[in-house]
Amino acid sequence: QLPAGWRWQMVDRYDEARHVTAMMRTTGYSLAITGLMQVDGRVTEKGVHTPDECMPANEYVAELARRGGTWCEKRCTECPRAAMASASSLATTPEPP
């Protein structure tokens with residue numbers, strides 16, 4: 001079990017209209033957004049960091065939404081690891097102090 005906190009889950013499917021796979025959207029779009037945010041100055045940290053250390057979360061999520069990304073947000077009292085393993089993309093953050 002993981003501690004209580006917020007959980008975000010993103011599930012994506014093949015986009016038949018644009019012929020774009022879910023893998024292209026969830027990895028390629030994310031990488032492109034990160035690069036654009038570094039170039040335009042929204043990411044200012046230098047060096048090697050994890051995304052949660054340096055990416056402005058709200059702006060990043062807004063960029064994903066502009067490209068059709070959808071997700072759900074859920075408050076959980078306990079987040080079982082099995083549920084995390086079954087999701088295509090899932091993050092859990094602790095309660096704020």
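Let me start with one residue: M24 lies in helix α1. This is a predicted model, so please hear everything that follows with that label attached. At 45% relative accessibility, M24 counts as partly exposed, because the partly exposed class runs between the buried limit of 20% and the exposed limit of 50%. Its C-alpha atom is 9.1 Å from that of Y14, and M24 and Y14 are ten residues apart along the chain.

The next residue along, R25, is also found in helix α1. Is R25 buried or exposed? R25 has a relative accessible area of 11%, and because buried means under 20%, R25 is buried. Leaving out residues up to four places away in sequence, R25 touches D12, R13, D15 and V20, and also S30, R67, G68 and G69.

Before α1 there is a loop, running from β1 (5-9) to α1, and H19 is found in that loop. With a relative accessible area of 58%, H19 is exposed, because the limit for that class is over 50%. The backbone of H19 has a phi near 60 degrees, which is a positive value in a residue other than glycine.

Now the overall layout. How many helices and strands does the chain have? There are four helices and three strands. Read along the sequence, their order is β-α-α-α-β-α-β. The chain has 97 residues, and 24% of them count as buried. If we take contacts between residues at least 6 apart in sequence, 69% of them join residues at least 24 apart.

On to the helix pair. Two packed helices are described by the angle between their axes and the distance between the axes. The pair here is α1, residues 22-39, and α3, residues 57-66. Their axes come within 10 Å and cross at roughly 130 degrees. That angle makes α1 oblique to α3. The crossing in which α1 passes α3 is right-handed.

Which residues make the contact? From α1 they are S30, I33, T34 and M37, and from α3 they are E59, Y60, E63 and L64. By class, the residues of this contact divide into four nonpolar, two polar and two charged.

T34 is worth a separate slide. The place of T34 is in helix α1. T34 has a relative accessibility of 21%, and because buried means under 20%, T34 counts as partly exposed. Beyond residues up to four places away in sequence, T34 touches M55 and Y60. T34 and M55 are 21 residues apart in sequence, and their C-alpha atoms are 7.8 Å apart in space.

M55 and Y60 bring us to the core. Which residues form the largest nonpolar core? There are seven: I33, M37, V43, C54, M55, Y60 and L64. Helices α1 and α3 each supply at least two residues of this core. Among the core residues that also take part in the contact of α1 with α3 are I33 and L64. Not counting residues up to four places away in sequence, L64 touches I33 and G69. G69 came up earlier, as one of the residues that R25 touches.

To recap the helix pair, α1 and α3 cross at roughly 130 degrees with their axes within 10 Å, and both helices contribute to the largest nonpolar core.

Technical notes:
Residues numbered from 1 in each chain as written. Predicted model: local features only at pLDDT ≥ 70, side-chain atom pairs only at ≥ 80, totals over all residues. Heavy atoms only, no water. Axes fitted to C-alpha atoms, helices over the stretch in contact; angles between N-to-C directions. Parallel < 35°, antiparallel > 145°, perpendicular 65-115°, else oblique. Left-handed = near helix turned anticlockwise from the far one by under 90°. Contact = heavy atoms within 4.5 Å. Nonpolar A, V, L, I, M, F, W, Y, C, P; charged D, E, K, R; others polar. Core = buried A, V, L, I, M, F, W, Y, C linked by side-chain atoms within 4.5 Å. Buried < 20%, exposed > 50% of the residue type's maximum accessible area, 1.4 Å probe, protein only.
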